[in-house]
Amino acid sequence: VDPSFPSEKLQIVTSEADCWQVGHSGLLLTVGTSVPVQLMKNTIYKAELEKSGYQLEGPLIIGGVASYGVLLPVNTVQGISGNGSGDENNSSGCSALLPGMDVADQVGVGALRLREYKIALELGFLGTAFHGSIGTENSVERAITSALLQVGAVPSGQKVLFQRLSRVDPGVHARSFRLVTPRVRLSRGDVQADGTCPRLLEVLNRRLPTALRIFELATIPFSGNLSEACTSREYLYYLPASVLGLDAAGRARLAQKLHEYIGTHCFANFTRLDKYDALVRELGRSRSGKAWMHGAFGHRRHRLKSGLSDENRVWQHVPSLVRDMTTRTLTVAELVGSNNDRLICIRLVGGGFLNSMVRLLVGVACAVASGALDAAVASSVLEAESLIDVSEFLAPAQGLVLFSQHLDASRTPWLPVDRGAVLADGFLSDMIIPEVIDSWASA
């Protein structure tokens, strides 16, 4: 074993099987290299490399296999070096090349002239095609990471740690979702004067499924922080009018309940407290906190086992620590017009949302409007003096769309706000809305 050999997971590379003889040395060209045209003139890779101007950005699709590099017998490149006859009977395949010098340098192969940049991406996706935005093999972030590796913007084996403004659960869609990569490698020619990277945008989208599209991609300063510049998140929830069967009075009740959410409240009853890692850590610091936490988490499980009866819905008083850490401010909670007559649309805007919060807010409001939940109980749920379980009213993920993450333009002068809005709107109408309708139809 060569101790100096890279320790990261190896990528697949391809080679022409009939070019090799025993004793031949090889020249390995990997993603991130610029390849001379004459070097690939008579190879099976020529057609693929022509598409990228002989920049090996990866992957090459050879025989249906994605290759992150090509392996050439050195004897096939002797003519390129201009230093020998190219005798195929030479067992080493290296006699025509100057000894002691790098083969790649002699034949004109060079690394792409790359610099490190921090880039911000605005993208949209169908939640039904992914298992959430982070944390799994089939997540949105994993798909973006794979595409960055394929085009050589991130070295093989390097872990990509994104800065994110939100996270979404499995099944939740996004019209506009922002991610920031810490460091990617780009050539100067990839970056336009306004900071956009249209070529990188194009090659990444070619490698992503149609359920995930990048609308805009631009470089930002290394000191830039989109999280600090994000002023609010906006969600839309679409559900069929036929599901609620509401008349005008029922819609008025729904609108009224939504309006009650506006303002600053403790939303401890509108989230999964066990999913709130920071809260779990804080409660775990004291014996009383641990006892309350175990009882609170067990309360929901006991209700599930008992058939979610109304009798045991209410549990203990909500402690001040929990109230403080689950307090959020909503600025908008309303019924809005929908582009589709079959759908009701609920719009919620706030500085931040807890796990499952939007879906519980929608579900409780709809339950009150339809008469499935008493309005007085719903008011107590919002007051959050006691822990009250309403998990049976959790609205399905299939109707939820992260519409936008609003940025303060004065804090991001290097990133024009809503530059990808037209494409995002098109993705919403052409991809997300039809998927929402189909999902409800099959539910």
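## A buried glutamate, a pocket and two helices

Ser 356 lies in the loop between strand E16, residues 343–350, and helix H12. The model is a predicted one, and every value in this report was computed from it. Ser 356 has a positive phi of about 65°, although this residue is not a glycine. Most residues other than glycine have a negative phi. With a relative accessibility of 12%, Ser 356 counts as buried, because the cut-off for that word is under 20%.

Ala 384 can be set beside Ser 356, since Ala 384 also has a positive phi, of about 60°, without being a glycine. The place of Ala 384 is in the loop between helix H13 and strand E17, and with a relative accessible area of 0% this alanine is buried. The table puts the two residues side by side.

| Residue | Phi | Relative accessible area |
|---|---|---|
| Ser 356 | about 65° | 12% |
| Ala 384 | about 60° | 0% |

Ser 356 also leads to the pockets of the model. Rolling a probe the size of a water molecule over the atoms shows where empty space is left. The largest pocket has a volume of about 1200 Å³. Its lining is made up of 47 residues, and those closest to the centre of the pocket are Thr 271, Lys 275, Leu 354, Asn 355 and Ser 356. Sorted by class, the lining consists of 21 nonpolar, 13 polar and 13 charged residues. Strand E12, helix H10 (287–305), helix H12 (357–370) and strand E17 (386–388) each contribute at least two residues to this lining, and the largest share, 5 residues, comes from H10.

Strand E12, which spans residues 230–240, is also the place of Glu 234. Is this charged residue buried or exposed? Glu 234 is buried, because its relative accessible area of 6% falls under the 20% cut-off. Which side chains does the side chain of Glu 234 meet in polar contacts? One polar contact is made with the side chain of His 406, at 2.7 Å, and another with the side chain of Arg 347, also at 2.7 Å. If residues up to four places away in sequence are not counted, Glu 234 touches Arg 347, Leu 348, Val 349, Val 401, Leu 402, Phe 403, Ser 404 and His 406. The C-alpha atoms of Glu 234 and Gly 350 are separated by 6.7 Å, although these residues stand 116 residues apart along the chain.

Helix H13, residues 375–383, comes just before Ala 384. At the start of this helix, a side-chain oxygen of Asp 374 reaches to within 2.8 Å of the backbone nitrogen of Ala 376. Within H13, Ala 378, Val 381 and Leu 382 are buried. Seen down the axis of the helix, these buried residues fall within an arc of 95°, so they line one face of H13. They pack against helix H8 (248–260), strand E13 (263–266), helix H12 and strand E17.

Helix H5, residues 198–206, offers another set of buried residues, namely Leu 200, Leu 201, Val 203, Leu 204 and Asn 205. What covers them includes strand E8 (114–125), helix H4 (140–150), strand E10 (173–187) and strand E11 (212–220).

How values were computed
Residues numbered from 1 in each chain as written. Predicted model: local features only at pLDDT ≥ 70, side-chain atom pairs only at ≥ 80, totals over all residues. Heavy atoms only, no water. Helix = DSSP H or I, 4+ residues; strand = E, 2+ residues; numbered from the N terminus. Buried < 20%, exposed > 50% of the residue type's maximum accessible area, 1.4 Å probe, protein only. Polar contact = N/O pair within 3.5 Å; in protein donor to acceptor, adjacent residues only side chain to side chain. Contact = heavy atoms within 4.5 Å. 1 Å grid on protein atoms, 1.4 Å probe; cavity = no way out; pocket = protein on both sides within 12 Å on 5 of 7 lines; lining within 4 Å. Points joined across faces, edges and corners; volume = space filled by probe spheres on them. Nonpolar A, V, L, I, M, F, W, Y, C, P; charged D, E, K, R; others polar. Arc of directions from axis to C-beta.
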